[in-house]
Every structure is written in structure tokens, then in C-alpha cells.
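Here are some notes to read alongside the model, offered as one colleague to another. Please keep the viewer open as you go through the points.

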Amino acid sequence: MDPHPDLTSSVLTGLGWYYLIMCVMNVLWTVRSYRVDGQVPKSVPWIGGIPVAAFWASFSALLMMVSVAYFTGTRSPETFPLRLPDSFKDSFDAVTANPVVFFALSVVGFVAMILLRRIWIKDTVAWLLLNGALLFMGLSMTDWDFRQIVGKPDNVPIVGMLFILGFLTWIYFRRAVDNDDRIAAGQPLYEQEDNEKVLVWPDLVYTELICMVLLTALLIFWGIALKAPLEEPASSVKTPNPSKAPWYFLGLQEMLVYFDPWLAGVVMPMIILGGLMAIPYIDFNRAGNGYYCFRDRAFAVSTFLFGFLPLWVAMIVLGTFLRGPNWNFFGIYELWDVHKVESANNVNLSEYFWEWPLFRSIYGGIPRGGDVGTILIRESPGIVAMIAYFALLPPILGLTILRRFMARMGVIRFMVFSNLILWMAILPIKMLLRWTVSLKYIVGIPEWFFNI
Amino acid sequence: MSPGEYIRNSQIWRSIFRHPAPTDRRNRVVVMLTNFFLHLHPVSIKQQGIALSYTWCMGGITFFLFLVETITGVLLMFYYRPTLEWAFADIQALRDVQTLGIMREIHRWGAHAMVITVWLHMYRVFLTGSYKPPREFNWVIGVLLLVLTLLLSFTGYLLPWDQLAVWAITVGSNMARAHPFLGSEGPGYQLLNLGGYDLITPGSDAKFILLGGRFVGEATLNRFYILHCVAIPLVVAGLIAIHFWRVRKDGGISQPL
């Protein structure tokens, strides 16, 4: 018997239900498509004139057949053919299983989300994306390793959050683009149409009541379907590998790869919270108060979305699903092997600097010694770089390309704003330096626990 | 006179509900003003301000989840004993044998959901620009509530006293050791000394204060239990009250000016 079976009878039954639900969703979509979408234009060869709904009907029928196949395949799960082929899983992992590709993909996805917003807010495109994501999930569930990590009870909410977040972001861009067009055309905003005053009883209190009933039902159903995790009793001698913080802190834990605990665990969380609180006081833009829009607040919204989606949510996904024993990176279809070895041979900026052939011939390599003066001289390149980054860059920016910002914000506010932006940027910068030149610390003074 | 009418005309009923059922316009207004639970709301509101596609209902859901957590949490407190001897066994019994043990499941999933809905509420408030004047300070209170929600979840994470709990808290609280100046492995702690003696040692630093010891142990369990069940919920309740009050005082739910 395979100790890690990709398919079991219960998995097949579960997937049968999964595809049945997808089928029902697409049947409903077919009805909608039949009413709204009309026909493929006559000019398109071969398929011109066919109702668009016909394609959705065919897709629903296909899903129905897949569902029946899963239900009937439960007798011999070992040989059931509808599964991800190993060749695909291996090549997928080989390409994506490292943090560089993961981060690059999340940034590319983020940029595409903003630039292509007019395309993906369309109903049909969004529905295709949803179906794509669901099919990817469903097919991946036929892999043992994927199921171990995604099916963990504590991780289920994260998967749910990703879908809800995608949906709400879709709603945002849809409403924002609509309002952008209205503003450009000089029409009233969407929020200003049909905006009569209504009585809170019944219009609001009934919404709240229905919401509470549905949520209670959801929580009870969730509680019955998934048991809260309970592992072995606590033991101070058996350290689990990996040891992970609660899932909502895994973005911070992931930052520990690039920064020491005093930065990743203390200073940066404080700056994140302080920065969040500072938002209303540094955003001088009066537009977009109380309605969805993008164009009039493009900078503010893009910055916030970048901080929330690639730098917070994607980092949580990375820390939760893709970090295994020894905090090594594992592909989604890869076995969490405790013995996986990743070479880490990182170099400090000071070593790069003093061991540079020219300096080496003049000064004889990196200064050695534990007294304060030697340490400061040794780390002077990094210290100068940090001072330049946090103290010189803001005024330079404020007097050149961001002059408009500084003029409107005043000096103090602009300094706070630019320092917050620089703190936000330092994480991707350090990541890039780590990946390109294996940089360990910009300033490395382990004698004082002061490493940046 | 039907029994229903008799009850509604009785002195007891009329002392509780001081006006007829909210079936006509006048009584629908009056009910919002005279009912304690409803008076958080205004009497009337702009239609688009309460549209689900606008609010996503996330703030309300967060508050509802806070109530669910309070109720299930109180029920769990009747059963659970925060000691090394009993903590794990009590949770195990809740899972395996205890009637209404599902309260623990609801409590845990509700906690996860609450973290998510706080984020999504902030997401919506940002994207509609609702933190802009005059609502700046309510956004600040909201960020404080975010911190407290995360701390509530973090302190509750330890209470089952299993491997998952203890090591997650160990990983999280190790950060306190690296606190600048106040952690025994943080930069600058050497600066705090008197006559050559360090004030900040593993026996006196930020991690020690958080855990009530050098390691996650019985003192930590007690400390986190009090924080989780009493201290933080009290502060959260106070801040929620201010948050709601300010929503009303800052001009109600945000709308285009």
C-alpha cells in the first residue's frame, strides 16, 4: 500500500460532489448566458450564430460527466485515470518552487490586475477565471501533498479568504471603473443614483437579521464539518519542524528570512500599524471620499493594494502553504522532506566592500577587531547606505520628482510619508539583493544584535 | 379580544415595549428611538449607504462574530481549566465526549473568520476612501481594534495547550526577545545598565514580561488566559462602543459628498 495515496475512495466521493456543485453553478450561468449573452457574431467562421449559452451548456454537461466518473470510480481509486499526471506536477514544481518565482508571479499578477482591469471586470472573463481557479483546485486535490497542506483545518479559512478576496476585489474594480467613466462623462456617481433616504426599520434591520441567521448557520455547519485541530499534548522537548506562528502572522515570519527578528518581528509590525494609522493624515487627496473610484486615487489605491495583496496576503500564502521543514520552500505538489538541503551562502555588504580587489590591495581586507571604532569603520558602507536611504533620499525626492507632493503636504508630513514608503520598499529591495547577489546584511553588527 | 391582543395590551408588555408594533411609518421611527439595541442605528439612512455591494457588510459581520466569540467563549470558560494539569485534557474532552463541545469549533472558526472580516472591512473602508475627513480618527480606532483582534486570537491560540499552540506562541513570543532596548537579544539592550550590571536580561526582558517566565509555561498559560478572557475583551468592547458612536457622530455611513 502506498502510504501517501494520491486518490482514495473518500477523496473521489468528495471530488464527485465538488464537480457536481461546479456543474450546478455552470447550469445557472448557462441560464443567465442564454438571457443576456446572445449569439457569437455571424462573422466568426464555424461557430458564428451559435448562442454563447451553448458553450456553457456543453461545459456543464462535461462537468456532470466528470462528477459521475468520480462517484463511480470509488471502487478502485489506485487506477482511476482522472488525476494530475506526475509529469505535470514535477514540471510545475520545478518551475514555480522557489520564492523568487512566487514573488515575481504575485507582482506580475498585481500589475496585470490593475492594467487589465477593464478586461477582467467583465462578467464572462471573471466567470472564466473563477472556473479556472476551481478546476485548478479540484485537479490539485488529486495530489496527496497538496491535500495535506490545503486540507489542514486551520488552513481552510485561508483558502476561503482567497476566494472572497478575489470576489471583493472584482467588485471594487467593477464599481471603480464604472465611477471613473461616470466622472469622465460628467454624470452622477453610481452611489448618487437611487439614493433616497429609507427607514432603517425595515430596510436595514432585516438585512442584519438575515445576515446573522446565515452566519450562524454557516458557523454551525463549519463546526460540524471540520474539527478544530488538536495535536499531541505540549512538550518542551519535541520541537515540531517547521514551527509556525498562527497563520495571520506568517507574512511576518516569512520576513524573518530577510531580516532579523528585531526588524521583522518588532520594528516593522510597529511601522505597519503606525503607517496604517497615519494614512488619513498623509492622504491629502480629497477625491474618492465615500464612493468607489480608481483613477482619481490611482497612487493611494495602488500603494495600498500592493501592501495588502503581494506583501501581506501573498506572503501569508507563501508562509503557510509553501514553507516546510527548516523553513525551506516546497512546491505545492512536493513532499515535505525534512532532509531537503538548500544551500545558503550569503555575504554581508561589508565583506563585499572591503574584499573588493582595489580596496583589498589598499587596506588589506575587512577590518578586524571588536572595539567600537573598528566595528563602525567595518560597517561604514552599510551605515552610509542606510543614512542615505532614509535621511537623504526623502528630501531629494521631495525637491525633484515628488515636488508636487511636498508642496501640498508640507515638510513634516512629506518626511513621514516618504519614510513609510521607503520602509515598505525595503522588503522587496532586500529580497532582490538576496536573490541577485546573495546579500546577507546591509549593516551586520552581530556584536550588538544590530543587523539590517 | 384575541390572546395575542390581550398580551399586547397587558401592563407587562406595554412596560417593555412602549409603543405598538413597527408596522406603520410612525412606529418604525419610534422603535429606533426607544429600543436600546436598535438605537445604535439612525432612524433613516441613504439607500446606497446600506447596499451590500457598497458595504460588503464586513464591519457588521465582525461585530456579530465578536458577539459569537463572547457567547461561545463564556460557555467554554465554564468548562475549561487553565492549568498544566487540565488544559489539554479539557479541550480533548470537549472534542470527544462533552455535550456542546462544538462550541470550541465555533469559537475557533469564528476567531479565524473574525481576523479575515476585520481585514476585509478595512479593505472596503480604504477602497471607498471612508477614512478621509471627517472620519480620520475613527480609522485610527479601527487600526487599534485590528491589533486587539490579532492579540485576542494570538492569546487564545495557546489555551488548548497542545504542540500546535505552545510552539506557535514560542515562535511568536521569541520576537519579544529581539525588542530593541527591551529584549535581551535586541540591539541596544547593553545601553540600559546600572554600574555595569545589565538591566535587561533573559529574566527581565520584554519576552519575560509577556510570558511570565523564560519559557512558555504555567505562568504564561494563566497570563494569556486572563488577557484572552478578560483584559483584551474589555478594552475591545470599549473601543467598539467608541467606534460605533463615532460612525454616527462623524456623519453616518460614508457617502459621496
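Among contacts in chain A between residues at least 6 apart in sequence, what percentage join residues at least 24 apart?

1. The figure is 70%, for contacts in chain A between residues at least 6 apart in sequence. Please bear in mind throughout that this is a predicted model. As for the overall make-up of chain A, its secondary structure comprises 19 helices and three strands. Its C-alpha atoms fit a box of roughly 80 × 70 × 55 Å along the principal axes, and 44% of its 452 residues are buried.

2. A good helix to start with is H6 of chain A, residues 123–140. With 18 residues at 1.5 Å a residue, H6(A) should span 26 Å, and its end C-alpha atoms are indeed 26 Å apart. The buried residues of this helix are A:Ala126, A:Trp127, A:Asn131, A:Leu134, A:Met137, A:Gly138 and A:Ser140. When you look at how they are placed, recall that an α-helix has 3.6 residues a turn, so residues three or four places apart point the same way. The cover over the buried residues of H6(A) includes helices H1 (9–36), H2 (52–72), H5 (117–120), H7 (144–150) and H8 (156–185) of chain A.

3. Next, the interface. Chain A contributes 96 residues to the contact and chain B contributes 91. Together the two chains bury about 8,500 Å², with 71% of that on carbon and sulfur atoms. Three residues deserve a look here: B:Trp109, B:Trp119 and B:Tyr123 account for 10% of the area that chain B buries against chain A, more than any other three residues.

4. Which polar and charged links cross between the chains? There are 42 residue pairs in polar contact between chain B and chain A, with both partners at pLDDT 80 or more. Two salt bridges are found across the interface. The side chains of B:Lys132 and A:Asp283 form a salt bridge, with 3.5 Å from N to O.

5. On the side of chain B that touches chain A, the elements giving two or more residues are helices H3 (25–34), H4 (52–55), H5 (58–79), H6 (87–96), H7, H8 (136–158) and H9 (163–177), together with strand E1 (44–46). H7(B) gives the most, with 18 residues. Sorted by class, this side of chain B holds 57 nonpolar, 21 polar and 13 charged residues.

6. I would zoom in on B:Phe126, which sits in helix H7 (residues 102–127) of chain B. Is B:Phe126 buried or exposed? Its relative accessibility is 3%, so B:Phe126 counts as buried. Leaving aside residues up to four places away in sequence, B:Phe126 touches A:Ile279, A:Arg297, A:Ala300, A:Val301 and A:Phe304 from chain A, and B:Tyr131 and B:Trp139 from chain B. B:Trp139 is 13 residues from B:Phe126 in sequence, and their C-alpha atoms are 9.2 Å apart.

7. B:Val171 makes a useful second stop, in helix H9 of chain B. At 15% relative accessibility it is below the 20% cut-off, so B:Val171 counts as buried. Its contacts, again not counting residues up to four places away in sequence, are A:Ser243, A:Lys244, A:Ala245 and A:Gln253.

8. Now for some backbone points to check by eye. Most residues other than glycine have a negative phi, and most peptide bonds are trans. Where are the cis bonds to look at? A cis peptide bond joins A:Trp201 and A:Pro202, with omega about 15 degrees, and A:Pro202 lies in helix H9 (residues 200–203) of chain A. The bond from B:Pro133 to B:Pro134 is also cis, with omega near 5 degrees; B:Pro134 is in the loop between H7 and H8 of chain B.

9. Please also look at two positive phi values. A:Asn326, which is not a glycine, has a phi of about 60 degrees. A:Asn326 is in the loop between helix H13 (298–321) and helix H14 (349–354) of chain A, and is partly exposed at 44% relative accessible area. B:Leu100 has a positive phi near 60 degrees. B:Leu100 lies in the loop between H6 and H7 of chain B, and its relative accessible area of 54% makes B:Leu100 exposed.

How values were computed: Residues numbered from 1 in each chain as written. Chains lettered and ligands numbered in written order. Heavy atoms only, no water. Helix = DSSP H or I, 4+ residues; strand = E, 2+ residues; numbered from the N terminus. Buried < 20%, exposed > 50% of the residue type's maximum accessible area, 1.4 Å probe, protein only. Contact = heavy atoms within 4.5 Å. Expected span 1.5 Å × (residues − 1). Buried area = accessible area lost by both parts, 1.4 Å probe. Salt bridge = Lys/Arg side-chain N within 4 Å of Asp/Glu carboxyl O. Polar contact = N/O pair within 3.5 Å; in protein donor to acceptor, adjacent residues only side chain to side chain. Nonpolar A, V, L, I, M, F, W, Y, C, P; charged D, E, K, R; others polar.
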